[in-house]
2 protein chains.
Amino acid sequence: MAVTIYDVAKKAGVSHGTVSRYLNGYSLRENNRTRVEQAIQELNFQENIIAKGLKGNRSMAIAVLTPRYTAVFVMLITTIIEKIVARENYGLVMCNFEDDDEQLRQKLLFLQRRAIDGVIIFPEDKGAAGLRILHEYLNLHIPVVLINEPIPGFETDLILVDNAVASFRAVEQLILGNHKDIAIINGSQESYLCQQRLKGYYEAMQAYNLKVEEEWVKWGNFHSVGGYTATKELCASPHPPSAIFVVSYYMTMGAVMALHELRLRIPDDISIFGFDHFEPADAIQPALTVVEHPVEKIGEQAAHLLLRRIRGDYSDFPQTITLNTTMLIRGSTRNL
Amino acid sequence: MAVTIYDVAKKAGVSHGTVSRYLNGYSLRENNRTRVEQAIQELNFQENIIAKGLKGNRSMAIAVLTPRYTAVFVMLITTIIEKIVARENYGLVMCNFEDDDEQLRQKLLFLQRRAIDGVIIFPEDKGAAGLRILHEYLNLHIPVVLINEPIPGFETDLILVDNAVASFRAVEQLILGNHKDIAIINGSQESYLCQQRLKGYYEAMQAYNLKVEEEWVKWGNFHSVGGYTATKELCASPHPPSAIFVVSYYMTMGAVMALHELRLRIPDDISIFGFDHFEPADAIQPALTVVEHPVEKIGEQAAHLLLRRIRGDYSDFPQTITLNTTMLIRGSTRNL
DNA sequence: TTGTAAGCGTTATCAT
DNA sequence: ATGATAACGCTTACAA
């Protein structure tokens, strides 16, 4: 059997209550403390988190829910979240709900049975509006932080980025470079995030009195093939744009592939303004001009906010935190 | 407070022991069973996994350890693993050890404290040989399944694919298409997996009496930029190859970008034989000829094997399972 | 500050 | 088949 606080207590000549208190940071009489510490050392005692959680119905674990594990954006942020919660001794449980409401319900029940202490949800493509089950769950007294997508009519903590502003500035940047024919390849219509990015696009075009051709607004559903197809269509259209703003990395990759295939030069023949960084893009020449997510900050804010809620601090609930994106102007865009 | 088996017992007019037995599949007297079932329904009872685990020192969770979360291969297999273990009510804990032995040690301790029931490790780039800490851990009586990389001198369950054979056949395929000048862009020298892939390459070349120029063996460290740089070097070399075999998807992507940039046509000017599928590659035209991992099977085998060990079935321990890859001949290779 | 004892929600043993 | 009771390893009143 494993070493318990009873073993430690015995060896140190104190009661197990004293050991417990030591482990939880209460102060002990000097010589007791040293003896307990020594006993822990010698016995190589490891506390049993399961037993610890039983009393307070905690599990010392938080969950990250997402519709799939192949979204690099999600996994980068998850990496940060893990790092931060680990410092306070929380573990990370992953749940893939496959973009399905019923599976999400199952997973949430599953987490409830495990006394999960808090959850972070990336609703992604469909947006949180489609995840109706969340309404029920949010009454369950377990902290929930949403990333990127609010739930209309329901309040919980939310981490956003300045999507509309980012989009506005990206398009404005192109406009200031004398582009007038600017297309956008957007993600999905249901997504709040994409609605905001589209809003920024329209606002910029309007602010500079530029006409938006109907065929310049494309939807690529966040897939590379979507970006590829949209780009081909744009280039074949009667009013081909001189610049394309692509709002996700997979789609950007598809757009680049399409242009390569068409033997169009970036940025000589067409400018590409992408979104986010991901590894394969490192090999694209010239380097992509992009809007970048503050990935670290998103993870930090989400993790810290969740930990605060777990500690019971609801003083500023619900909180919506909007973080700033940054523009990286590189070689894939040029001034006309 | 949450509903417990005591509440259920009271409502059903039986002892809590009876409820527990019901929940664990023991047979009850007919009318007791119905009353328990009804009570569970009415009270919406959810079992407390934490409490359940206390007795048997189980957590009903397995862990997946990997050096980073951005490897699509790992996350695809993790998706399958989650699905399979969830059927038996196990949760999935993720641990990122950042390719660092000390962090791996921390994570393993962390998991031990949580009474994790089993772990699946993707050693990835450096190979398992570099993860010396595993030697200690394997004595801890918790099942460990390794994926892709064995630990020399230590025996545990291992899931492999037929790397050398896959590599041999890919290169042979090119040779049969009259290619003689065939290069390979490999991952890392430390990796067992890459050693095997290199072995297959050499064996195929030798089997057909083809000379291997020294500069045809490149190392891209699994990165896109590595594939990109290697490809540029190959194309600039005194003996440029007519075909390149690239053993990972990120590197393949880099290779394709390099060729696009050099304005070389695939497969007219050069044939590309890749490895694996990943989303952005869907937008590459022509479609890539690749070796494909049996992702589903790897996940299934790993999960089932681990579950068997958790159940205490060590009848065939240690087990090395070698799965077959498949070749997908598509447009990126051609016969000369 | 410390020891004692009750309790967290289960499972498992032992009679019956 | 069932009920009573003792674990499981920890936290936390309560008393001293």
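Which residue in β7(B) is the bridge partner of B:Asn186? Keep that one in mind while we walk through the structure; we'll get to the answer at the last stop. One thing before you click anything: this is a predicted model.

**Stop 1: chain A as a whole**

Select chain A and show it as a cartoon. You should be able to pick out 12 helices and 12 strands. Now turn the chain around. Its C-alpha trace spans about 85 × 40 × 35 Å along the principal axes. The radius of gyration tells a similar story: chain A has 25 Å, while a compact globule of 336 residues would come in near 20 Å.

How much of chain A counts as buried? The figure is 50% of its 336 residues. Contacts are worth a look too. Take the ones between residues at least 6 apart in sequence: 74% of these join residues at least 24 apart.

**Stop 2: where chain A touches chain B**

Bring chain B into view. The contact between the two chains takes 45 residues from chain A and 46 residues from chain B. To see the chain A side, colour these elements: α4 (49-56), α5 (72-87), β2 (91-96), α6 (101-113), α10 (224-236) and α11 (249-261), each of which supplies at least two residues. Give α11(A) its own colour, since it gives the most, with 7 residues. If you then colour this side of chain A by class, you get 22 nonpolar, 16 polar and 7 charged residues.

**Stop 3: the surface near DNA strand C**

Next, select DNA strand C and the 27 residues around it. Which of them come nearest? They are A:Gly17, A:Leu28, A:Arg29, B:Ser20 and B:Ala51, so show those as sticks. Both chains have helices here: α2 (16-23) and α4 of chain A, along with α2 (16-23) and α4 (49-56) of chain B, each supply at least two residues of this surface. The top contributor is α4(B), with 5 residues. By class, the surface divides into 9 nonpolar, 12 polar and 6 charged residues.

**Stop 4: some backbone oddities**

Zoom in on A:Ile266 and A:Pro267. The peptide bond joining them is cis, with omega about 0°. You'll find A:Pro267 in the loop between α11 and β9 (271-275) of chain A.

Chain B has a cis bond to visit as well, from B:Phe317 to B:Pro318, with omega near -15°. Here B:Pro318 lies in the loop between α12 (295-310) and β11 (320-323) of chain B.

Now go to A:Asn57, which has a positive phi of about 55° although it is not a glycine. Look for A:Asn57 in the loop between α4 and β1 (61-66) of chain A. Is A:Asn57 buried or exposed? Something in between: it has 13 other C-beta atoms within 10 Å, so it is partly exposed.

B:Asn209 also has a positive phi of about 55° without being a glycine. Find B:Asn209 in the loop between α9 (192-207) and β7 (217-219) of chain B. B:Asn209 counts as exposed because it has 8 C-beta neighbours inside 10 Å.

**Stop 5: a quick distance check**

Select A:Val165, in helix α8 (residues 163-176) of chain A. With 17 C-beta neighbours inside 10 Å, A:Val165 counts as partly exposed. Draw a line from its C-alpha to that of A:Leu336: the two are 171 residues apart in sequence and 23 Å apart in space.

**Stop 6: the sheet in chain B**

Last stop. Hide everything except chain B and find the open sheet of 6 strands, in the order β7-β6-β8-β9-β10-β12, with mixed pairing. At the edges are β7 and β12 (326-328) of chain B, each pairing on one side only. From one strand to the next, the twist averages 20°.

Zoom in on β6 (residues 182-186) and β7 of chain B, which run parallel and are joined by 3 bridges. Here's the answer to the opening puzzle: B:Asn186 has B:Trp219 as its bridge partner.

Finally, add the helices. α9(B) packs on the sheet, touching β6 and β8 (243-246) of chain B, and its direction makes about 175° with that of β6(B). Helix α11 (residues 249-261) of chain B packs on the sheet as well, touching β6, β8 and β9 (271-275), at about 160° to the direction of β9(B).

Technical notes. Residues are numbered from 1 along each chain as its sequence is written. Chains are lettered from A and ligands numbered from 1 in the order in which they are written. This is a predicted model: local features need pLDDT of at least 70, side-chain atom pairs count only at pLDDT 80 or more; totals for chains, interfaces and linings use all residues. Helices (H or I, at least four residues) and strands (E, at least two) are DSSP runs, numbered from the N terminus. The radius of gyration is taken over C-alpha atoms; the globule rule is 2.2 Å times the number of residues to the power 0.38. A residue is buried if 20 or more other C-beta atoms lie within 10 Å of its own, exposed if 12 or fewer, and partly exposed in between; C-beta atoms are placed from the backbone. Two residues are in contact if their C-beta atoms, placed from the backbone, lie within 7 Å. Ala, Val, Leu, Ile, Met, Phe, Trp, Tyr, Cys and Pro count as nonpolar, Asp, Glu, Lys and Arg as charged, and the others, Gly among them, as polar. A residue is near a molecule or strand if its C-beta atom, placed from the backbone, lies within 6 Å of it. Two strands pair if DSSP finds at least two bridges between them. Axes are lines fitted to C-alpha atoms, for helices over the stretch in contact, and angles run from 0 to 180 degrees between N-to-C directions.
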